[in-house]
Amino acid sequence: MAITDIKRYRNVIILSATIAIVVGATVITGWLLNNQTLMSINPGFTTMKFNTALCFILLGITIFIRHSDKSKNQILANILAVTVSTIGLLSLLQMKGTIFYIDELLAPDNASATHPGKMSPPTSFCLMLSGVAMLIIKSDKKPYILLTQYMLHIVTLIASIALLGYIFGSPHIYRYTFSNSMALHTAIVFIIFSVGTSLANPNRGITALFTGTLIGNVMARKLFIWIIPSVIVICYTRMLLYKYNILSLEVGLALLSVSFLLISLVSVWKTSQTLNAIDEKEKRFEENLRLGIEAAPYALILSTQEGEIIHANYQAEKTFKYSRKELMGTDCKIVLPVEIWSTIKEVRKKFYSELKPLNFKLEDNMHCKRKDGSTFPAELVISPVATPQGPLALTSVIDLTLRVETEKLALEHLAELQHKNQEMEQFNYIASHDLQEPLRTVSNYIMLLQEDYPENVTPEINEHLSVMDQAVCRMSKLIRTLLDFGRLGKDKKLTLTNCNEVVEQVTADLNNLIKSTGATVTVDNSLPTLYAYDTELRQLFQNLINNAIKFSKKEIQPQINIGCREIKGFYKIYVSDNGIGIDEKHFASIFHIFQRVHRQEDYEGYGVGLANCKKIAEMHGGKIWVESEYGEGSTFKFTLINLKP
Ligand code: ADP
């Protein structure tokens, strides 16, 4: 049984169990207090016996335990169910004076005129059946489920007959042919309990007739609800008319026949109305299905289980180059890949019963056929469609030719790009290595001239040689910087990085500089922890904090504030200072390699720090920019996304 079914009816089942317990407890109270009303409702009616009331309580508790899902308590539920059955059985078998005599075991019966304490045989029988039903109600084996349902249905039937006896004021009915009768409230509780608990298996037995969702079930619910009360009312009226001699027997019978004819007519009328409404709905559904298929932006083919095409849309005509007329009635293998039908055959039962679509993606390598015999790669989704004529298959086809070509082109470009990158790296290496060599030679010769020919090197020449040496050193540094820039991020590793810790480490590394300048670095609010390339991220923070100290105003101690704001899907981090600021016209250029605003003599540097920062921010799917006013300090802002490892 589906879990949803159990959940859907859970409250009804629990309610029926609660009613059984409450009525049982009330009647037991009646027996203990010797209250006739609680025992029999009406003084003229039969009493609900003490044992019956007790059994109702036990049955109710059994249901509560069965629904608690605690497996260790299930043994207790089994014991209770067996107890109820045994009481029912013993009550049926009992003979006064024998060991079976159990009626007045728990409470004396002074209320019954005849057969004191004797539980009526129908009640005993119903209790016996209910107990057995509660014993196996949780079983998932079909024969047991059916047995449970039919036992509960028998209880409903017996109790309903007794109830009708009370309604018609005819003790012959509720007494059956037995010596004593089923009490009114016993009959009502049996009906409520047996109908309620039969919902534990709503898809089986007669219960399924009323709980199902098919047209037959809808009809059963509708007709049952009004036919049963109508028949009872008509028969009751007929009985009263006869009882008070208002109508003769013949006229009464004639009127009864007419009434039943009328009921039948109204039933037929109601049935046809419902069927017509459903038929109309189905026709509308078919029409909407056709319109939906037609409006789809990709090729759609509707076929039978055997693969015969019964509808194709305009896009299908365009995709396969067949006219709709040509496609209709043919086997869909003429356009769709043969493989999909063998797959459908294999999983057919599941495919049509569970109504789950089958997907064939690009990697499944499916190819469809056009009229001219050419093929094209396609993505396919085959959906089972439940229609009044039975299940059909709706196949949507997406032509992947363009995507495959684009992906091929992109792969070619990527390979080309990788090749160019390799060439660049090689160039960088050669440049750094080979260019360093002549520079080192020049530097050596300058040293040779200064050391070996001191008599020829006048102070003026010496000064020129020193300037030359400095230029060579700077050139060498620039080449190394360029190489580092090219290699940035080459060995990057994605790790879970706490930015607060990164900033702490950077400020510790810059401790000497911070102390000597009297700078303060504060973090305004907590920085994020995210997946990032931590070495590169550290370099980014280091460059920005270093710059904030380097480009501070003379005589003013640098103050650096760092903070973060989380915006949908990414983090925006800022590093602001109270330094010299930047003119707006340099906002873009300072992020280019070797671009500087200041002279080397004023502020040392090579103009590569911010270019590195830009590369690192982009590596993290973000960007970097500056907001500043000349003389008023600067705020560098960059964004990062939490990269997926
Ligand atoms: P470098 O610091 O080596 O010059 P950068 O790429 O780090 O190179 O910076 C480029 C230029 O941007 C710097 O020369 C400077 O003029 C300007 N700049 C960078 N950071 C700041 C700052 N916090 N305040 C003012 N100017 C800055």
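Me: Where in the chain is N365 found?

Reply: In this predicted model, N365 is found in the loop between β3 (358-360) and β4 (367-369). Its backbone has a positive phi of about 55°, although N365 is not a glycine.

Me: Why is N365 called exposed?

Reply: The relative accessible area of N365 is 51%. Exposed means over 50%, so N365 with its 51% is classed as exposed.

Me: What makes N34 count as exposed or buried, and where is N34 found?

Reply: N34 is found in the loop between α1 (3-33) and α2 (36-40). Its relative accessibility is 52%; the cut-off for exposed is over 50%, and therefore N34 counts as exposed. N34 also has a positive phi, of about 60°, although it is not a glycine.

Me: Why is S552 called buried?

Reply: S552 has a relative accessible area of 16%. Buried means under 20%, so S552 meets that condition. The place of S552 is in the loop between α19 (534-550) and β10 (559-567).

Me: What makes the pair formed by S552 and I549 a polar contact?

Reply: A polar atom of the S552 side chain lies 2.9 Å from the backbone oxygen of I549. The limit for a polar contact is 3.5 Å, and the 2.9 Å pair is within that limit.

Me: How do you know that K550, Y606 and G609 make polar contacts with the ligand?

Reply: In each case the partner is an oxygen atom of the ligand. For K550, a polar side-chain atom lies 2.9 Å away. For Y606, a backbone N or O atom lies 3.0 Å away. For G609, a polar backbone atom is 3.3 Å away. Each of these values is within 3.5 Å, so each pair qualifies as a polar contact. Taken alone, the ligand exposes 520 Å², and the protein buries 98% of that area.

Me: Which elements and residues form the shell around the ligand?

Reply: The elements giving two or more residues to this shell are α19 (534-550), α20 (609-619) and β13 (634-641). Of these, α19 gives the most, with three residues. There are 21 residues around the ligand, and N547, K550, R596, H598 and L610 come nearest. By class, the shell has 10 nonpolar, eight polar and three charged residues.

Me: How many cavities of 30 Å³ or more are counted, and what lines the largest?

Reply: The count comes to two cavities of 30 Å³ or more. The largest cavity holds about 60 Å³ of space. Its lining includes T46, K49, M119 and S181; by class, this lining has four nonpolar, seven polar and one charged residues.

How values were computed. Residues are numbered from 1 along each chain as its sequence is written. This is a predicted model: local features need pLDDT of at least 70, side-chain atom pairs count only at pLDDT 80 or more; totals for chains, interfaces and linings use all residues. Side-chain values use heavy atoms; hydrogens and water are left out. A residue is near a molecule or strand if one of its heavy atoms lies within 4 Å of it. A polar contact is a pair of N or O atoms within 3.5 Å; within protein, one must be able to donate a hydrogen and the other to accept it, and residues adjacent in sequence count only if both atoms are side-chain atoms. Accessible areas come from the Shrake-Rupley method with a 1.4 Å probe; for residues, only the protein chains shown count as cover. Helices (H or I, at least four residues) and strands (E, at least two) are DSSP runs, numbered from the N terminus. Ala, Val, Leu, Ile, Met, Phe, Trp, Tyr, Cys and Pro count as nonpolar, Asp, Glu, Lys and Arg as charged, and the others, Gly among them, as polar. On a 1 Å grid over the protein atoms alone, a cavity is a set of points where a 1.4 Å probe fits but cannot get out, and a pocket is an open set with protein on both sides within 12 Å along at least five of seven lines; lining residues have an atom within 4 Å of a point. Grid points are joined across faces, edges and corners, and a volume is the space filled by probe spheres set on the points. Buried means under 20% relative accessible area, exposed over 50%, partly exposed in between (1.4 Å probe, protein chains only).
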